[in-house]
Amino acid sequence: MDNRMKVAFSARAENEGFARSAAAAFVACMDPTIEELTEIKTGVSEAVSNSIIHGYGEDPTQMVELECQIRSGGKVILIIRDQGVGIEDVEKAREPMFTTGSTEERSGMGFTVMESFMDKLEVVSRTGEGTTVTMTKQLDISNGF
Ligand SMILES: Nc1ncnc2c1ncn2[C@@H]1O[C@H](COP(=O)(O)OP(=O)(O)OP(=O)(O)O)[C@@H](O)[C@H]1O
Ligand SMILES: [Mg+2]
């Protein structure tokens, strides 16, 4: 059985928490482990905060989109989209410790965290058009969903 949800919210820092909880609530039907849930929430947080901060510079008139799909067999697909400034060099942006933010505030570890918690991370971006991050995670299911 496939299941899907999509939400959009203002590019405000406080909505990072909403996005984390929304993703967690949606995958709850799959009976994930606490660890899987934490990894999903963290991955979503990192991608959403990037869209809010880097993509939109915290412009609350702009919208970030979160889509979540659950495939039969327990594969979870998380898609975070913005139509912000985009990333000039995605390969470089994905390197550990790379940041265009201030080094006191940002550690440049967001993509690295997403990569380590997910099975697959895909980043598609164009300057001036926006960024789409797609994360895939296979849940260890034993409930026959
Ligand atoms: N949605 C986005 N729109 C525009 N630029 C982005 C986006 N996501 C990431 N980037 C760029 O990629 C860089 C690396 O992102 P990453 O999340 O790894 O580190 P960071 O956000 O700078 O720091 P941290 O996540 O550790 O606070 C960012 O500094 C930014 O330049
Ligand atoms: Mg980040």
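Is Asp31 buried or exposed? With a relative accessible area of 57%, Asp31 is exposed, the term being reserved for values over 50%, with buried meaning under 20% and partly exposed in between (1.4 Å probe, protein chains only).

The model shown is predicted: local features need pLDDT of at least 70 and side-chain atom pairs pLDDT 80 or more, while totals for chains, interfaces and linings use all residues. Residues are numbered from 1 along each chain as its sequence is written, chains are lettered from A and ligands numbered from 1 in the order in which they are written, and side-chain values use heavy atoms, with hydrogens and water left out.

**The loop between H1 and H2, with Cys29 and Asp31.** Helix H1 spans 15-27, and helix H2 spans 34-55; helices (H or I, at least four residues) and strands (E, at least two) are DSSP runs numbered from the N terminus. Asp31 belongs to the loop between these two helices, and its phi is near 55 degrees, a positive value in a residue other than glycine. Most residues other than glycine have a negative phi. Cys29 is found in the loop between H1 and H2 as well. Cys29 counts as partly exposed because its relative accessibility is 39%. The C-alpha atoms of Cys29 and Thr61 are separated by 33 Å, the two residues being 32 apart along the chain.

**The surroundings of ligand 1.** Around ligand 1 there are 20 residues, of which His54, Thr99, Thr100, Arg106 and Ser107 come nearest; a residue is near when one of its heavy atoms lies within 4 Å. By class, this shell divides into 6 nonpolar, 11 polar and 3 charged residues. Here Ala, Val, Leu, Ile, Met, Phe, Trp, Tyr, Cys and Pro count as nonpolar, Asp, Glu, Lys and Arg as charged, and the others, Gly among them, as polar. The ligand sits in the largest pocket. A pocket is an open set of points on a 1 Å grid over the protein atoms alone, where a 1.4 Å probe fits and protein lies on both sides within 12 Å along at least five of seven lines; a molecule sits in it if more than half of its atoms lie within 2 Å of its grid points. Two elements give two or more residues to the shell, namely helix H2 and helix H4 (110-117). With 5 residues, H2 gives the most.

**Polar contacts of ligand 1 with Thr99, Phe111 and Gly55.** A polar contact is a pair of N or O atoms within 3.5 Å; within protein, one must be able to donate a hydrogen and the other to accept it, and residues adjacent in sequence count only if both atoms are side-chain atoms. In the side chain of Thr99, an N or O atom is 2.5 Å from an oxygen atom of the ligand. A ligand oxygen atom lies 3.0 Å from a backbone N or O atom of Phe111. The contact of Gly55 is from a backbone N or O atom to a ligand nitrogen atom, at 3.5 Å. Taken alone, ligand 1 exposes 600 Å², of which the protein buries 94%; these areas come from the Shrake-Rupley method with a 1.4 Å probe.

**Thr100 in the loop between H3 and H4.** Helix H3 covers 90-93, and Thr100 lies between it and H4. Thr100 is exposed because its relative accessible area is 66%. From C-alpha to C-alpha, Thr100 and His54 are 8.4 Å apart in space and 46 residues apart in sequence.

**Asp89 in the loop between E3 and H3.** The side chain of Asp89 reaches the backbone nitrogen of Lys92 at 3.2 Å. A relative accessible area of 39% makes Asp89 partly exposed. Asp89 and Thr127 are 38 residues apart in sequence, with a C-alpha to C-alpha distance of 9.2 Å.

**Gly74 in the loop between E2 and E3.** Strand E3 runs over 75-82. Gly74 counts as buried because its relative accessibility is 0%. Its C-alpha atom is 5.9 Å from that of Gln138, at 64 residues along the sequence.

How values were computed
On a 1 Å grid over the protein atoms alone, a cavity is a set of points where a 1.4 Å probe fits but cannot get out, and a pocket is an open set with protein on both sides within 12 Å along at least five of seven lines; lining residues have an atom within 4 Å of a point.
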